[in-house]
Every structure is written in C-alpha cells, then in structure tokens.
Amino acid sequence: MGLFNLFKHTNKLDVKKTSKTDDTVAIDANSVRSSVFKDMKVTISNTEKQEDDADYKNYDYVGYIKKEQKSVPVVTATVNQIDDDLYELNNLAVIKKYRKHGYAKELLKKIEKELKKEDAFSLCVEVPENVVKFYRDQGYDPYGQPMLKDNVWYRKMSKDF
C-alpha cells in the first residue's frame with residue numbers, strides 16, 4: 001500500500017442524531033438509506049418514530065465527513081429502544097463509495113458508547129449472513145437460528161455492555 005493510500009481515508013466522522021422525522025439529520029439518514037438499499041434485496045426495518053411515546057427512544061444517527069468545506073453524510077443507523085435496557089440497531093448503511101473506510105465501525109462505536117452512558121444492557125441487530133463477520137469483529141454474538149427473508153439468510157446478533 002502506498003503512502004497516499006495510508007492517509008487517504010483520514011476524515012474524522014462527525015456524528016449527529018435526531019428523534020425527529022423531518023429535520024436535516026433525519027432527511028440525511030433517509031437519503032443515505034435510499035442510496036444504499038435501492039438496489040439491494042435487503043428488508044429495510046420499520047424505522048417509524050414514536051414521538052408521542054415517551055417510554056421509548058428512537059433515534060437516527062448520521063455520520064458526516066468534511067469534503068471540500070461541506071459536511072457529507074456517509075453512514076447512518078437507526079436505534080430503537082425496545083425495553084428499559086435493551087436497544088435494537090437497524091439499517092446500518094454506508095454509501096458505496098465510502099465503504100471500507102471504517103465509517104460503519106466508527107459510528108457503531110459511538111452509538112455503543114452513548115448507550116452505555118444510558119445504562120443500556122444490550123444492543124441487538126438482525127443482519128444478512130454476509131455481514132455477520134463485521135458484527136462478530138465488533139463483539140456481537142449470534143443467537144437463535146438463521147432466518148430466510150426475501151431469499152436472503154439473516155442472523156440475530158447481540159452485544160452486552
């Protein structure tokens with residue numbers, strides 16, 4: 001790998017979150033998801049916000065990089081609280097030209113750090129079989145049996161804090 005390649009992807013990820021459905025961060029999250037999932041045979045999880053339900057927290061996270069003096073959204077994920085100390089990660093997506101730069105890993109770490117501060121016990125995720133290795137490398141363990149959805153095998157995985 002040449003010296004240029006070593007420093008090519010050193011953009012710091014600026015992470016923003018929202019619980020709204022119509023602010024800039026939510027619009028950017030939907031834009032990234034649309035870009036990533038439009039040609040994939042992947043089920044996009046329901047990410048409707050329950051703004052009136054104070055018992056549960058639902059957030060879109062978006063990671064931005066600086067490019068030519070502007071912030072560009074490159075990665076997103078949705079986190080839904082499903083119990084007092086249990087959260088679910090949905091639709092982690094990175095725009096194709098920004099993949100393999102570590103942005104998904106960095107966003108996931110920032111989400112986990114925030115959830116730990118909120119005394120979360122566990123974060124679970126349901127992923128296509130082809131990304132199980134990524135989540136294993138981040139400390140997630142599979143549980144249950146693989147499931148077939150839309151001709152794609154999925155695994156449930158979780159990480160306890």
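This is a short walk through a predicted model, stop by stop, with something to select at each one.

**Stop 1: the sheet**

Start with the strands in cartoon view. Seven of them form an open sheet, and going across you meet S1, S2, S3, S4, S5, S7 and S6 in that order, with mixed pairing. The edges are S1 (14-18) and S6 (141-149), each of which pairs on one side only. Turn the view as you go across: from one strand to the next the twist averages 25°.

Now zoom in on the S1 edge. S1 and strand S2 (residues 58-67) run antiparallel and are joined by five bridges. To see one of these pairings, select Thr18 and look across to S2, where Asp60 is its bridge partner.

**Stop 2: the helices on the sheet**

Color helix H2, residues 24-37. H2 packs on the sheet and touches S1, S2, strand S3 (70-81) and strand S4 (86-94). Its direction makes about 80° with that of S2.

Next, color helix H3, residues 103-117. H3 also packs on the sheet, touching S1, S2, S3, S4, strand S5 (122-128) and strand S7 (152-160). Against S3, the direction of H3 makes an angle of about 45°.

**Stop 3: the nonpolar core**

Switch on side chains. In soluble globular proteins, nonpolar side chains tend to be buried together. Here the largest nonpolar core has 33 residues, and the ones that touch the most other members are Val74, Val75, Leu89, Tyr98, Leu107, Ile111 and Tyr135. Which elements give two or more residues to this core? They are H2, S2, S3, S4, H3, S5 and helix H4 (132-137). H3 supplies the largest share, six residues.

Pick Val75 and show what surrounds it. Leaving aside residues up to four places away in sequence, Val75 touches Leu13, Val32, Tyr61, Val62, Gly63, Leu92, Ala93, Val94, Tyr103, Ala104 and Leu107.

**Stop 4: Thr76, next along**

Move to Thr76, in strand S3. Is Thr76 buried or exposed? With 0% relative accessibility, Thr76 counts as buried. Look for a polar atom of the Thr76 side chain: the backbone oxygen of Tyr61 lies 2.7 Å from it. Again skipping residues up to four places away in sequence, the contacts of Thr76 include Ala29, Val32 and Arg33, along with Asn91, Leu92 and Leu107.

**Stop 5: three salt bridges**

Side chains of opposite charge can pair when their charged atoms come close. The structure holds seven salt bridges, and three are on this tour.

- Select Glu118 and Lys57. Their closest N and O atoms are 3.0 Å apart. Glu118 sits in the loop between H3 and S5, and Lys57 in the loop between H2 and S2, so this pair links parts of the chain 61 residues apart. Glu118 is partly exposed at 28% relative accessibility, and Lys57 is partly exposed at 32%.
- Select Lys110 and Glu106. Their side chains meet in a salt bridge at 3.5 Å, N to O. Both are in helix H3, and because they are four residues apart, about one helical turn separates them. Lys110 counts as partly exposed at 29% relative accessibility, and Glu106 is partly exposed too, with a relative accessible area of 23%.
- Select Lys159 and Glu112. Here the side chains meet at 3.0 Å, N to O. Lys159 is in strand S7 and Glu112 in helix H3, 47 residues apart, which makes this a link between distant parts of the chain. Lys159 counts as buried at 17% relative accessibility, and Glu112 counts as buried at 6%.

**Stop 6: the S6 edge**

Finish with S5, S7 and S6. Strands of a sheet pair through backbone hydrogen bonds, either parallel or antiparallel. How many bridges pair S5 and S7? There are seven, in the antiparallel sense. Select Ser122 and you will find its bridge partner in S7, Asp160.

S6 and S7 are also antiparallel, over six bridges. Among the pairings to select is Lys149, whose partner in S7 is Val152. The hairpin of S6 and S7 has two residues between the strands, so stop at Asp150, which takes a positive phi near 50°.

Terms used
Residues are numbered from 1 along each chain as its sequence is written. This is a predicted model: local features need pLDDT of at least 70, side-chain atom pairs count only at pLDDT 80 or more; totals for chains, interfaces and linings use all residues. Side-chain values use heavy atoms; hydrogens and water are left out. Two strands pair if DSSP finds at least two bridges between them. Axes are lines fitted to C-alpha atoms, for helices over the stretch in contact, and angles run from 0 to 180 degrees between N-to-C directions. Contact means heavy atoms within 4.5 Å. A nonpolar core is a set of buried Ala, Val, Leu, Ile, Met, Phe, Trp, Tyr and Cys residues joined through side-chain atoms within 4.5 Å. Buried means under 20% relative accessible area, exposed over 50%, partly exposed in between (1.4 Å probe, protein chains only). A salt bridge is a side-chain nitrogen of Lys or Arg within 4 Å of a carboxyl oxygen of Asp or Glu. A polar contact is a pair of N or O atoms within 3.5 Å; within protein, one must be able to donate a hydrogen and the other to accept it, and residues adjacent in sequence count only if both atoms are side-chain atoms.
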